[in-house]
Amino acid sequence: MKNSFAIDVKNLTKKFGKFMAVDSVELKVKEGEIFGILGPNGAGKTTTIRMLCGLLLPTSAEGTVNGFDIMKEPEEIKKSIGYVSQKFSLYDDLTLKENLNFYSGIYKVKDLEKKEEIIKALGLSIYKNKNTGELPLGIKQRLALACAIMHNPKILFLDEPTSGTDPVYRRSFWEIIYELSEKGTTIILTTHYLEEAEFCERVCLFFKGKIISEGSPLFLKERYGKASLEEVFISAIEENL
C-alpha cells in the first residue's frame, strides 16, 4: 500500500558560504512510489539527494527519511537506503563478483542465494569474473545497482543512473525499477532524460535550488497545456526567471 511517506521533509536548506544551493524545499514521497527529480545542471538535484541519503548534513531541515530524523540520525538513514551516485564509484581493479562480495560484506548480507538472484536478474552472470574496469558502462551501471540493492533497502536513490548509456540498457533499467517498486521499494531518481521522467509516478522540477512545479507527468502537461515534459519544463523555468 502506498499510503505512508518514506520521505517527509520540509524547509530542506543547504548553504555553501553565501551560496544557497537548496532553498527551503519540501518533499513528501510515498512508500513504493517512483519519484523523479528534474532540473538543469546546478539546480540543486544532487545536493538534495545527498542530504536525503544522510551523506550531507543540511544547513537546516525538519522531517524524516525512512522514519529517521534527517538532522539527528544520518547514520541510521545511510544504513536503510541504497544509493547509486552519478559518478561510478566501485573498484575497477576488482572483478564484478569481488565488488559484490565487498559490498555484501559491508551490508552484512550472508544470503548467497540472494546474491546469485541479483546477479542473474541484472544479467551479470557472464561478467562475474571480469575486471570491473574492463566492463562497458551499461554493465558497470548494473553492477552499481546490484550493490545498492543487495541489502533490500526501503528507499533506493539513483543520481543520473542511465547517463551515457544506450537505449537498450535504459529500457532494461526501467523494467528493474518497476519490479522493485512493485515489491515496495521507494525509488528517488534524478535524470536528464525528460522522456524517461514520463515513467515516474510523480516528478518535481528543480530550478535555482527550489521546486518550481510538482505532480504526475500527466498533471503537469495538463496544467501547462503542453504535449511533453520538455515543453512543461521550459514553460516552468520561464515563469521563474
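Two strands count as paired if DSSP finds at least two bridges between them. In this predicted model, strand 1 (residues 5–16) and strand 4 (residues 60–65) meet that condition, pairing in the antiparallel sense over five bridges.

## The four-stranded sheet

Strand 1 and strand 4 belong to an open sheet of four strands in the order 2-1-4-5, with antiparallel pairing. Strand 2 and strand 5 (68–69) are at the edges; each has a single partner strand, so one side of each is left without a neighbour in the sheet. Helix 1 (residues 45–52) packs on this sheet and touches strand 1, strand 2 and strand 4. The direction of helix 1 makes about 120° with that of strand 1.

Between strand 1 and strand 4, Ile7 has Val65 as its bridge partner, and Val9 has Gly63. On the other side of the pairing list, strand 1 and strand 2 are joined in the antiparallel sense over eight bridges, with Leu12 opposite Val25 in strand 2. Strand 1 and strand 2 also form a hairpin with two residues between them. Gly17, in the turn of that hairpin, has a positive phi of about 65°.

## The six-stranded sheet

The model also contains an open sheet of six strands, ordered 6-7-8-3-9-10, with mixed pairing. At its edges stand strand 6 (81–84) and strand 10, each with a single partner strand, so one side of each is left without a neighbour in the sheet. From one strand to the next, the twist averages 15°.

Strand 3 and strand 8 (residues 186–190) pair in the parallel sense over four bridges. Within this pair, Gly36 stands opposite Leu189 in strand 8. Two helices lie across strands of this sheet. Helix 6 crosses strand 3, strand 7 and strand 8, running at about 130° to strand 3. Helix 8 crosses strand 9 and strand 10, running at about 105° to strand 10.

## Helix packing

Helix 5 and helix 6 (residues 167–182) pack at an angle of about 10°, with their axes 11 Å apart. Helix 5 is therefore roughly parallel to helix 6. The contact is made by Gly138, Gln141, Arg142, Leu145 and Ile149 of helix 5 with Tyr169, Ser172, Phe173, Ile176 and Leu180 of helix 6. By class, the residues of this contact divide into six nonpolar, three polar and one charged.

In helix 9 (residues 229–239), the buried residues are Leu229, Val232, Phe233, Ser235, Ala236 and Ile237. They pack against strand 3 (34–38), helix 7 (194–197), strand 9 (202–207), strand 10 (210–215) and helix 8 (217–224).

## Nonpolar cores

In soluble globular proteins, nonpolar side chains tend to be buried together. Here the largest nonpolar core has 46 residues, and those with the most contacts inside it are Leu100, Leu145, Leu156, Leu158, Ile177 and Ile187. Helix 5 (residues 137–149) gives the most to this core, with eight residues. A second, separate core of 26 residues includes Val65, Ile77, Ile155 and Phe206.

Leu145 thus appears both in the largest core and in the contact of helix 5 with helix 6. Ile177 touches Ile34, Leu158 and Ile187, not counting residues up to four places away in sequence.

## Individual residues

Two residues have a positive phi although they are not glycines; their phi values and settings are listed below.

| Residue | Phi | Location | Relative accessibility |
|---|---|---|---|
| Ser24 | about 50° | strand 2 (residues 19–30) | 43%, partly exposed |
| Asn152 | about 55° | loop between helix 5 and strand 7 (155–159) | 53%, exposed |

The class of each follows from the cut-offs: exposed is over 50%, buried is under 20%, and partly exposed is in between. Ser24, at 43%, therefore counts as partly exposed, whereas Asn152, at 53%, counts as exposed.

Ser216 lies in the loop between strand 10 and helix 8. With a relative accessible area of 24%, Ser216 is partly exposed. The C-alpha atoms of Ser216 and Val203 are separated by 6.0 Å, while the two residues are 13 residues apart along the chain. Leaving aside neighbours within four places in sequence, Ser216 is in contact with Glu201 and Arg202.

Key
Residues numbered from 1 in each chain as written. Predicted model: local features only at pLDDT ≥ 70, side-chain atom pairs only at ≥ 80, totals over all residues. Heavy atoms only, no water. Buried < 20%, exposed > 50% of the residue type's maximum accessible area, 1.4 Å probe, protein only. Contact = heavy atoms within 4.5 Å. Core = buried A, V, L, I, M, F, W, Y, C linked by side-chain atoms within 4.5 Å. Axes fitted to C-alpha atoms, helices over the stretch in contact; angles between N-to-C directions. Parallel < 35°, antiparallel > 145°, perpendicular 65-115°, else oblique. Nonpolar A, V, L, I, M, F, W, Y, C, P; charged D, E, K, R; others polar.
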